[in-house]
2 protein chains.
Amino acid sequence: MAAELDSDRARATYARQRIEVALEGSPFEAIVAISPENTRYASGVWVATQQTLRDRLALVVWPKSGQPTLIVCNIEEGYCRSQSWISDIRAYAEHLQSPIALLAQVLREKRLDRSRIGMETGYLSARFWNELIQMLPNAVFEPAEPIFDQARMIKSPEEIRRLAEGSLVTEQALLATYLCTRPGETERSLAQRLTANLLLMGADSVPFLHIPAGPNTGFPHPPATDYQVKEGDLVKTDFGGSFDGYVSDRARTMVVGKPSPEQVSLYACLVEIHNETLQAANPGVPASEIFRVARAGYRRLKVPFDPPHAGHGLGLSVHEPPMLSPAFLTELVPGMVLAIETRVRIPGEYGMHIEDLVEITADGHRVHTRNFPYESLLAV
Amino acid sequence: MAAELDSDRARATYARQRIEVALEGSPFEAIVAISPENTRYASGVWVATQQTLRDRLALVVWPKSGQPTLIVCNIEEGYCRSQSWISDIRAYAEHLQSPIALLAQVLREKRLDRSRIGMETGYLSARFWNELIQMLPNAVFEPAEPIFDQARMIKSPEEIRRLAEGSLVTEQALLATYLCTRPGETERSLAQRLTANLLLMGADSVPFLHIPAGPNTGFPHPPATDYQVKEGDLVKTDFGGSFDGYVSDRARTMVVGKPSPEQVSLYACLVEIHNETLQAANPGVPASEIFRVARAGYRRLKVPFDPPHAGHGLGLSVHEPPMLSPAFLTELVPGMVLAIETRVRIPGEYGMHIEDLVEITADGHRVHTRNFPYESLLAV
């Protein structure tokens with residue numbers, strides 16, 4: 001418990017410093033966190049119902065000088081007071097008082113109502129946005145996302161430890177589930193066993209889980225059905241757990257019974273592409289270059305798939321910068337944590353997927369995998 | 001399988017008719033669904049990654065005359081084609097093409113670029129909103145939510161069957177979990193067993209689950225911790241599963257071992273309030289009246305709790321209109337499905353919660369509960 005508190009404190013201090021540095025170098029007098037992940041990063045609190053109930057905003061106003069303020073629904077106030085290192089907490093009464101009115105009041109108090117302010121315009125709804133600019137017509141609001149991205153993109157050793165540990169137990173939960181699969185089991189049953197295993201391994205929740213079999217593997221994110229796996233079927237999994245807010249995101253493919261020569265040779269192509277892609281992930285390389293290497297592999301090996309990206313940053317969000325795709329020129333630097341993925345899918349026919357956690361280090365990269373290597377196609 | 005397809009078709013037809021009627025009576029030439037629940041209602045497809053990745057929009061453009069169009073990320077196109085009754089499906093390439101540019105193009109094609117259009121301004125982000133109004137400066141966009149709310153607020157017999165069945169198995173999964181609780185078990189373990197039980201009972205996923213014990217019951221939505229339950233502790237659960245998109249939302253409280261006289265008498269007060277609140281839920285009554293009845297009960301019985309609401313509509317969203325709170329004057333009508341909840345919480349000390357599924361019928365209401373009645377405090 002004491003160790004946990006220490007690591008919570010270390011993480012809060014790190015996040016604080018990262019935000020302060022990013023804000024200092026920005027043109028803003030203040031930034032406002034609104035999305036669950038940025039509010040969590042800035043305040044240390046994960047306000048669960050902010051996710052289920054979109055209008056129940058939880059915001060952090062972070063001024064360039066002075067202390068931050070946390071704004072939450074009064075239903076969540078007691079919990080936030082018990083959890084956050086932020087001492088200035090203000091609460092609004094849902095449906096009676098607008099969270100935006102309270103935000104405007106706090107900004108006025110801090111004399112920021114004529115300032116240039118970073119706002120999460122990619123999260124705040126148009127309705128709240130229009131309310132805000134009407135209430136504070138003299139403030140200038142611009143996207144705050146680049147500031148939070150800059151802060152969150154480089155992880156602390158503690159964050160890396162959490163992400164790596166989450167990834168390793170996620171891979172173990174999957175291997176354990178795969179190993180007990182027999183013909184006749186339904187996708188639903190596979191999903192149940194996998195969820196139970198991941199929670200047993202310490203996940204707080206399972207934000208996404210896709211475990212299609214047979215022809216359903218041709219889709220990227222289908223729900224589990226009553227389809228029963230049969231001899232020769234592929235089973236493909238893409239899923240993740242939340243570990244104190246930090247998500248895992250892993251994919252592996254297996255075959256029920258003996259794999260066909262076609263399955264083996266296609267899988268070998270994916271492994272070759274995956275290896276080349278992983279090898280390219282080093283400091284100083286632009287994110288888009290990882291994508292270029294991956295796509296060149298698909299083309300050279302004639303794998304029938306046009307990848308939209310080769311992976312993405314991972315942290316408090318499932319997809320976060322840098323995206324490994326043509327539009328992202330961000331240079332990789334040590335402390336970045338990426339999910340690198342290689343896959344193929346033909347809708348209604350078949351699909352395969354490999355996804356690993358990669359940490360960018362000073363001298364290259366480290367792939368965090370232990371008990372479920374991707375190099376050969378698991379057959380059970 | 002055939003029965004399932006039939007019921008899918010029946011639901012799609014019902015949703016179509018409800019949207020058409022609501023749109024017909026509105027000032028709009030078209031409405032656009034953007035939130036996962038409205039896109040699902042309008043298209044019949046649940047695009048899973050739209051929830052995990054907020055920018056991966058899935059939209060339905062529904063014109064007053066002519067056929068609707070579904071706009072999705074190309075990653076999800078194959079799945080949507082296999083599932084939706086909408087045949088006009090357009091796909092955008094994520095990060096290369098803006099979903100809003102494609103939306104603007106579709107609206108132009110349909111000659112709606114100078115029309116009055118209902119848009120989900122409570123969901124669309126400010127960034128996308130600003131892009132949209134810049135692209136189509138001659139269109140007038142106003143909130144579409146009242147139209148979708150009007151359509152979704154009254155459920156078809158098939159939707160009621162789904163919600164009721166989901167609610168009953170949710171209650172059973174909870175009772176089964178409670179019955180096997182012994183001193184020494186952690187909240188985490190309770191959460192694991194409850195999740196596993198709910199998935200076994202047919203939930204596709206568990207969007208929210210809170211099962212605090214002892215002093216943690218004083219918070220509304222805390223995550224599970226390593227706290228070990230002990231003799232005399234309350235355990236309080238508020239959770240729900242997703243059943244093909246339709247959510248359940250139930251709460252029950254138990255005590256480990258023998259309840260104290262204070263626990264028994266406080267629980268009896270909640271039961272009295274709960275009964276009075278349920279009794280008030282009848283056609284013709286405004287939603288706000290249910291709240292008034294509930295609050296009067298808390299005050300008369302001196303239960304130390306100031307309820308923010310007495311419950312809410314339930315369907316494809318956890319909270320949907322009508323909210324049972326002072327601001328909602330909507331009259332209850334047959335076909336509405338409500339989650340009515342009665343609770344008390346003292347942060348860091350204790351809390352109790354009862355929540356039931358209530359269907360408004362032609363001659364009153366029906367409480368959907370079977371194996372886990374709320375009338376007496378469960379002790380195990």
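**Exercise 1. In which strand of chain A does A:Pro322 lie?**

Solution. The model is a predicted one, in which local features need pLDDT of at least 70, side-chain atom pairs count only at pLDDT 80 or more, and totals for chains, interfaces and linings use all residues. Residues are numbered from 1 along each chain as its sequence is written, while chains are lettered from A and ligands numbered from 1 in the order in which they are written.

Step 1. Elements are DSSP runs numbered from the N terminus, helices being H or I runs of at least four residues and strands being E runs of at least two. A:Pro322 lies in strand E12 of chain A, which covers residues 320-323.

Step 2. The peptide bond that leads from A:Pro321 to A:Pro322 is cis, with omega near 0°.

Step 3. In chain B, a cis peptide bond joins B:Pro321 and B:Pro322, with omega about -5°, and B:Pro322 is found in strand E12 (residues 320-323) of chain B.

**Exercise 2. Work out the strand order of the open sheet of 6 strands in chain A, and find its edges.**

Solution. Step 1. Two strands count as paired if DSSP finds at least two bridges between them. The order in chain A is E4-E3-E2-E1-E5-E6, and the pairing is mixed.

Step 2. The edge strands are E4 (88-92) and E6 (140-143) of chain A, each of which pairs on one side only.

Step 3. From one strand to the next the twist averages 25°, an angle taken between N-to-C directions on a scale from 0 to 180 degrees, with axes that are lines fitted to C-alpha atoms (for helices, over the stretch in contact).

Step 4. Strand E3 (residues 69-73) of chain A runs parallel to E4(A) and is joined to E4(A) by 5 bridges; A:Val72 stands opposite A:Ala91 in E4(A).

Step 5. Chain B also has an open sheet of 6 strands with mixed pairing, in the order E4-E3-E2-E1-E5-E6. An example of antiparallel pairing there is that of strand E2 (residues 59-63) with strand E3 (residues 69-73) of chain B, over 3 bridges, in which B:Val60 has B:Leu70 in E3(B) as its bridge partner.

**Exercise 3. Describe how H10(A) and H11(A) pack, and place A:Pro259 relative to H10.**

Solution. Step 1. H10(A) and helix H11 (residues 287-300) of chain A pack at an angle of about 160°, with their axes 9 Å apart. That makes H10(A) roughly antiparallel to H11(A), since angles over 145 degrees are given that name, whereas those under 35 count as roughly parallel, 65 to 115 as roughly perpendicular and the rest as oblique.

Step 2. Residues of H10(A) that meet H11(A) include A:Ile273 and A:Thr277, and among those in H11(A) that meet H10(A) are A:Ile290 and A:Val293.

Step 3. A:Pro259 lies in the loop between strand E10 (250-255) and helix H10 (261-280) of chain A. Beyond its neighbours within four places in sequence, A:Pro259 is in contact with A:Val264, A:Leu377 and A:Ala379, where contact means that C-beta atoms placed from the backbone lie within 7 Å.

Step 4. A:Pro259 and A:Val380 are 121 residues apart in sequence and 9.6 Å apart in space, C-alpha to C-alpha.

**Exercise 4. Is A:His95 buried, partly exposed or exposed, and how is A:Arg111 classed?**

Solution. Step 1. The count is of other C-beta atoms, placed from the backbone, within 10 Å of the residue's own: 20 or more is buried, 12 or fewer exposed, and anything in between partly exposed.

Step 2. A:His95 has 16 such atoms and is therefore partly exposed, whereas A:Arg111 has 11 and is exposed.

Step 3. A:His95, which is not a glycine, has a positive phi of about 70° and is found in the loop between E4 and helix H5 (99-109) of chain A. A:Arg111, also not a glycine, has a positive phi near 55° and is placed in the loop between H5 and strand E5 (116-119) of chain A.

**Exercise 5. Establish how chains A and B are related and through which surface they meet.**

Solution. Step 1. Superposition is by least squares on the C-alpha atoms of residues with pLDDT of at least 70 in both copies. A turn of 180° with a shift of 0.0 Å along the axis lays chain A on chain B with an RMSD of 0.0 Å. The two copies are thus related as by a two-fold rotation axis.

Step 2. In the interface, 47 residues of chain A are in contact with 47 residues of chain B. The largest share of the side of chain A that touches chain B, 6 residues, comes from H9(A).

Step 3. Because 100% of the interface residues of chain A are also interface residues in chain B, the copies meet through the same surface.

How values were computed: Two residues are in contact if their C-beta atoms, placed from the backbone, lie within 7 Å.
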